[in-house]
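This report looks at the aromatic rings and the nonpolar core of one protein chain. Please have the sequence and the structure at hand while reading.

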Amino acid sequence: MEVIINKQEGKTNVKLNGRVDTSNVEQFQHDIDPLMHGDNPDIVLDCSELTYTSSQGLRMFLMLQKSVIARNGKMVMTNMTPQVKEVFDITGFSNIITIL
């Protein structure tokens with residue numbers, strides 16, 4: 001799992017690459033932790049190269065969403081692959097998180 005964070009023009013762009021599962025969820029949490037506490041609560045997650053997420057990954061996305069809302073920000077996920085989108089749809093996360 002690779003997380004590339006780029007801050008520009010009042011928002012944070014995040015590129016996700018690979019899988020989020022039990023083998024790397026702790027590293028993923030460590031990588032996104034600055035996004036949960038940073039001064040820039042507007043986040044765009046580019047999921048074009050996110051190939052899989054487990055329930056632990058879903059939990060991390062939910063935690064990030066809650067921290068963004070608490071700071072009056074907005075989080076969107078973009079370019080989601082059909083496989084990952086299906087996981088979000090089945091679990092109801094598509095109703096919680098904005099997916100473009």
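How many aromatic pairs does the count come to? In this predicted model, the count comes to three aromatic pairs. A pair of aromatic rings is described by the distance of the centres and the angle of the planes. Two of the pairs are listed here with these values.

| Pair | Centre to centre | Between the planes | Geometry |
|---|---|---|---|
| Phe28 and Phe61 | 5.5 Å | 65° | edge-to-face |
| Phe88 and Phe93 | 6.1 Å | 85° | edge-to-face |

Phe28 belongs to helix H1 and Phe61 to helix H2, so their pair ties together parts that are 33 residues apart in sequence. Phe28 has a relative accessibility of 1% and therefore counts as buried. Phe61 is also buried, with a relative accessible area of 1%. Phe88 and Phe93 are both buried. Phe28, Phe61, Phe88 and Phe93 form one aromatic cluster.

Two of these rings return in the description of the core. The largest nonpolar core has 25 residues, and those with the most contacts inside it are Leu16, Leu45, Phe61, Leu64, Met77 and Phe88. At least two residues of this core come from each of strand S2 (11-20), helix H1 (25-37), strand S3 (43-53), helix H2 (55-70), strand S4 (75-78) and helix H3 (82-91).

Which residues does Leu45 touch, not counting residues up to four places away in sequence? Leu45 touches Val14, Leu16, Phe61, Leu64, Met75, Val76, Met77 and Thr78.

A further ring is paired with a charge: Arg19 lies over the face of Tyr52, at 4.2 Å from the ring centre.

Note on methods: Residues are numbered from 1 along each chain as its sequence is written. This is a predicted model: local features need pLDDT of at least 70, side-chain atom pairs count only at pLDDT 80 or more; totals for chains, interfaces and linings use all residues. Side-chain values use heavy atoms; hydrogens and water are left out. A nonpolar core is a set of buried Ala, Val, Leu, Ile, Met, Phe, Trp, Tyr and Cys residues joined through side-chain atoms within 4.5 Å. Buried means under 20% relative accessible area, exposed over 50%, partly exposed in between (1.4 Å probe, protein chains only). Helices (H or I, at least four residues) and strands (E, at least two) are DSSP runs, numbered from the N terminus. Contact means heavy atoms within 4.5 Å. Rings of Phe, Tyr and Trp (its six-membered ring) pair if their centres lie within 6.5 Å; planes under 30 degrees apart count as stacked, over 60 as edge-to-face and the rest as tilted. A charge sits over a ring if NZ of Lys or CZ of Arg is within 6 Å of the ring centre and within 35 degrees of the ring normal.
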